[in-house]
Amino acid sequence: MYYTNYYRTDTGLVSDIERAINGEYSAITCYEQLAGLAPNDQVRNKILEIRNDEIRHFQTFSQIYTSLTGRQPTPHVTEKCPSEYTAGLHFAFNDEQETVDFYLDVADKATDPYIKDRFKRASADEQNHAVWFLYFITSGHGPR
Ligand SMILES: [Fe+2]
Ligand SMILES: [Fe+2]
(Lines give C-alpha, C1' and ligand atoms only; values in the text may rest on other atoms or scores of the structure.)
(Ligands and ions follow the chains in the order given, each with its own letter.)
Protein backbone atom coordinates (compact mmCIF):
# COMPACT_ATOMS: atom_id res chain seq x y z
CA MET A 1 0.00 0.00 0.00
CA TYR A 2 2.99 2.23 0.52
CA TYR A 3 3.56 1.91 -3.23
CA THR A 4 0.12 3.31 -4.13
CA ASN A 5 0.29 6.08 -1.53
CA TYR A 6 3.70 7.14 -2.73
CA TYR A 7 2.39 7.84 -6.22
CA ARG A 8 -0.83 9.38 -4.95
CA THR A 9 1.20 12.07 -3.27
CA ASP A 10 3.26 12.72 -6.42
CA THR A 11 1.10 15.58 -7.69
CA GLY A 12 3.79 16.72 -10.12
CA LEU A 13 3.63 13.42 -11.96
CA VAL A 14 -0.17 13.38 -11.97
CA SER A 15 -0.36 16.91 -13.39
CA ASP A 16 2.24 16.00 -16.06
CA ILE A 17 0.10 12.99 -17.01
CA GLU A 18 -3.01 15.20 -17.15
CA ARG A 19 -1.18 17.56 -19.47
CA ALA A 20 -0.04 14.59 -21.63
CA ILE A 21 -3.61 13.25 -21.82
CA ASN A 22 -4.95 16.66 -22.91
CA GLY A 23 -2.14 16.94 -25.49
CA GLU A 24 -2.95 13.53 -26.96
CA TYR A 25 -6.67 14.31 -26.95
CA SER A 26 -5.99 17.61 -28.76
CA ALA A 27 -3.76 15.85 -31.32
CA ILE A 28 -6.43 13.18 -32.00
CA THR A 29 -8.94 15.96 -32.79
CA CYS A 30 -6.42 17.99 -34.79
CA TYR A 31 -5.18 15.09 -36.95
CA GLU A 32 -8.69 14.06 -37.88
CA GLN A 33 -9.17 17.59 -39.24
CA LEU A 34 -5.73 17.57 -40.91
CA ALA A 35 -6.38 14.18 -42.56
CA GLY A 36 -9.51 15.70 -44.09
CA LEU A 37 -7.37 18.47 -45.65
CA ALA A 38 -4.62 16.17 -46.98
CA PRO A 39 -3.84 16.49 -50.71
CA ASN A 40 -3.89 12.74 -51.45
CA ASP A 41 -4.67 9.34 -49.94
CA GLN A 42 -1.08 8.45 -49.09
CA VAL A 43 -0.64 11.55 -46.93
CA ARG A 44 -4.12 11.13 -45.49
CA ASN A 45 -3.42 7.49 -44.53
CA LYS A 46 -0.08 8.41 -42.95
CA ILE A 47 -1.75 11.16 -40.86
CA LEU A 48 -4.42 8.66 -39.78
CA GLU A 49 -1.66 6.18 -38.82
CA ILE A 50 -0.05 8.91 -36.71
CA ARG A 51 -3.47 9.60 -35.21
CA ASN A 52 -3.75 5.91 -34.24
CA ASP A 53 -0.46 6.24 -32.33
CA GLU A 54 -1.95 9.23 -30.45
CA ILE A 55 -5.04 7.16 -29.59
CA ARG A 56 -2.74 4.45 -28.22
CA HIS A 57 -0.78 7.04 -26.19
CA PHE A 58 -4.05 8.52 -24.93
CA GLN A 59 -5.24 5.08 -23.75
CA THR A 60 -1.92 4.22 -22.08
CA PHE A 61 -1.69 7.55 -20.25
CA SER A 62 -5.35 7.35 -19.21
CA GLN A 63 -4.74 3.90 -17.70
CA ILE A 64 -1.71 5.22 -15.81
CA TYR A 65 -3.75 8.22 -14.61
CA THR A 66 -6.54 5.95 -13.35
CA SER A 67 -4.11 3.61 -11.60
CA LEU A 68 -2.49 6.57 -9.81
CA THR A 69 -5.61 8.53 -8.87
CA GLY A 70 -8.46 6.01 -8.88
CA ARG A 71 -10.35 8.39 -11.21
CA GLN A 72 -11.10 8.53 -14.93
CA PRO A 73 -9.42 11.46 -16.68
CA THR A 74 -11.61 14.26 -18.05
CA PRO A 75 -9.74 15.21 -21.21
CA HIS A 76 -10.27 18.46 -23.09
CA VAL A 77 -8.79 20.19 -26.12
CA THR A 78 -6.05 22.50 -24.86
CA GLU A 79 -4.49 23.44 -28.20
CA LYS A 80 -6.76 24.22 -31.13
CA CYS A 81 -5.10 23.48 -34.45
CA PRO A 82 -5.25 25.70 -37.55
CA SER A 83 -7.99 25.03 -40.08
CA GLU A 84 -5.66 25.49 -43.08
CA TYR A 85 -3.51 22.53 -44.27
CA THR A 86 0.00 24.08 -44.39
CA ALA A 87 -0.50 26.00 -41.14
CA GLY A 88 -1.78 22.73 -39.64
CA LEU A 89 1.40 20.90 -40.70
CA HIS A 90 3.63 23.55 -39.12
CA PHE A 91 1.55 23.49 -35.96
CA ALA A 92 1.75 19.68 -35.82
CA PHE A 93 5.52 19.65 -36.45
CA ASN A 94 6.16 22.14 -33.62
CA ASP A 95 3.79 20.39 -31.26
CA GLU A 96 5.40 17.00 -31.90
CA GLN A 97 8.90 18.39 -31.31
CA GLU A 98 7.87 20.04 -28.04
CA THR A 99 6.16 16.83 -26.93
CA VAL A 100 9.37 14.82 -27.52
CA ASP A 101 11.12 17.01 -24.90
CA PHE A 102 8.18 17.02 -22.51
CA TYR A 103 7.86 13.20 -22.51
CA LEU A 104 11.62 12.72 -22.05
CA ASP A 105 11.43 15.03 -19.01
CA VAL A 106 8.53 13.01 -17.59
CA ALA A 107 10.46 9.76 -18.24
CA ASP A 108 13.55 11.16 -16.48
CA LYS A 109 11.54 12.26 -13.43
CA ALA A 110 9.40 9.11 -13.13
CA THR A 111 10.58 6.46 -10.70
CA ASP A 112 8.13 3.75 -11.77
CA PRO A 113 9.82 1.69 -14.52
CA TYR A 114 6.55 1.13 -16.44
CA ILE A 115 5.72 4.85 -16.53
CA LYS A 116 9.31 5.66 -17.48
CA ASP A 117 9.23 3.14 -20.33
CA ARG A 118 5.85 4.24 -21.71
CA PHE A 119 6.89 7.91 -21.82
CA LYS A 120 10.22 7.05 -23.46
CA ARG A 121 8.42 4.99 -26.07
CA ALA A 122 5.82 7.71 -26.71
CA SER A 123 8.64 10.26 -27.03
CA ALA A 124 10.24 8.13 -29.77
CA ASP A 125 6.86 7.91 -31.56
CA GLU A 126 6.46 11.71 -31.41
CA GLN A 127 9.95 12.15 -32.86
CA ASN A 128 8.94 9.89 -35.74
CA HIS A 129 5.72 11.90 -36.22
CA ALA A 130 7.72 15.15 -36.31
CA VAL A 131 9.87 13.76 -39.13
CA TRP A 132 6.76 12.82 -41.15
CA PHE A 133 5.25 16.28 -40.72
CA LEU A 134 8.55 17.89 -41.71
CA TYR A 135 8.56 15.69 -44.82
CA PHE A 136 4.99 16.73 -45.71
CA ILE A 137 6.03 20.39 -45.29
CA THR A 138 9.22 20.16 -47.36
CA SER A 139 7.83 17.91 -50.13
CA GLY A 140 4.95 20.28 -50.83
CA HIS A 141 2.20 17.74 -51.31
CA GLY A 142 4.01 14.85 -49.65
CA PRO A 143 4.32 11.36 -51.13
CA ARG A 144 2.16 10.69 -54.19
FE1 LIG B 1 1.26 11.03 -28.85
FE1 LIG C 1 2.57 12.53 -32.15
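**Figure 1. Helices α4 and α5 pack together in this predicted model.** Let us begin with a pair of neighbours along the chain. Helix α4 covers residues 85–109 and helix α5 covers residues 113–138. Their axes lie 8 Å apart, and the angle between them is about 160°. An angle over 145 degrees counts as roughly antiparallel, so α4 and α5 are roughly antiparallel to each other. The crossing of these two helices is left-handed. What kinds of residues form the contact of α4 with α5? They divide into 15 nonpolar, 6 polar and 4 charged.

**Figure 2. Helix α2 meets helix α4.** This view turns to another partner of α4. Helix α2 takes in residues 11–37. The axes of α2 and α4 come within 11 Å and cross at roughly 155°, and the two helices are therefore roughly antiparallel to each other. Here α2 passes α4 in a left-handed crossing. Which residues meet in this pair? From α2 come Asp16, Ala20, Gly23, Ala27, Cys30, Leu34 and Leu37. Facing them in α4 are Tyr85, Gly88, Ala92, Asp95, Thr99 and Val106. Sorted by character, the residues of this contact comprise 8 nonpolar, 3 polar and 2 charged.

**Figure 3. Helix α3 packs with helix α5.** Helix α3 runs over residues 41–69. Its axis and that of α5 are 11 Å apart, and the packing angle is about 160°. That angle makes α3 roughly antiparallel to α5. Is the crossing of α3 and α5 left-handed or right-handed? It is left-handed. On the α3 side, the contact is made by Val43, Lys46, Ile50, Asp53, His57, Thr60 and Ile64. On the α5 side, Ile115, Arg118, Ala122, Asp125, His129, Trp132 and Phe136 take part. The residues of the contact of α3 with α5 include 7 nonpolar, 3 polar and 4 charged.

**Figure 4. Cysteine 81 sits in a loop.** Now look at a single residue. The loop that holds cysteine 81 lies between α3 and α4. Is cysteine 81 buried or exposed? It has 20 C-beta neighbours inside 10 Å, so cysteine 81 counts as buried. Leaving out residues up to four places away in sequence, cysteine 81 touches Cys30, Gln33, Gly88 and Phe91. Two of these names may look familiar from Figure 2: Cys30 of α2 and Gly88 of α4 take part in the meeting of those helices. How far is cysteine 81 from threonine 29? The two residues are 52 apart in sequence, and their C-alpha atoms are 8.6 Å apart in space.

**Figure 5. The close-ups belong to a protein with 5 helices and 0 strands.** Placing the views back into the whole chain helps with orientation. From the N terminus on, the elements run α-α-α-α-α. The C-alpha trace spans about 55 × 25 × 20 Å along its principal axes. The radius of gyration is 16 Å, which agrees with the value near 15 Å for a compact globule of 144 residues. Of those 144 residues, 28% are buried. How many of the contacts join residues at least 24 apart in sequence? Among contacts between residues at least 6 apart, 70% do so.

Terms used
Residues are numbered from 1 along each chain as its sequence is written. Chains are lettered from A and ligands numbered from 1 in the order in which they are written. This is a predicted model: local features need pLDDT of at least 70, side-chain atom pairs count only at pLDDT 80 or more; totals for chains, interfaces and linings use all residues. Helices (H or I, at least four residues) and strands (E, at least two) are DSSP runs, numbered from the N terminus. The radius of gyration is taken over C-alpha atoms; the globule rule is 2.2 Å times the number of residues to the power 0.38. A residue is buried if 20 or more other C-beta atoms lie within 10 Å of its own, exposed if 12 or fewer, and partly exposed in between; C-beta atoms are placed from the backbone. Two residues are in contact if their C-beta atoms, placed from the backbone, lie within 7 Å. Axes are lines fitted to C-alpha atoms, for helices over the stretch in contact, and angles run from 0 to 180 degrees between N-to-C directions. Angles under 35 degrees count as roughly parallel, over 145 as roughly antiparallel, 65 to 115 as roughly perpendicular and the rest as oblique. A crossing is left-handed if the near helix is turned anticlockwise from the far one by less than a right angle, and right-handed if clockwise. Ala, Val, Leu, Ile, Met, Phe, Trp, Tyr, Cys and Pro count as nonpolar, Asp, Glu, Lys and Arg as charged, and the others, Gly among them, as polar.
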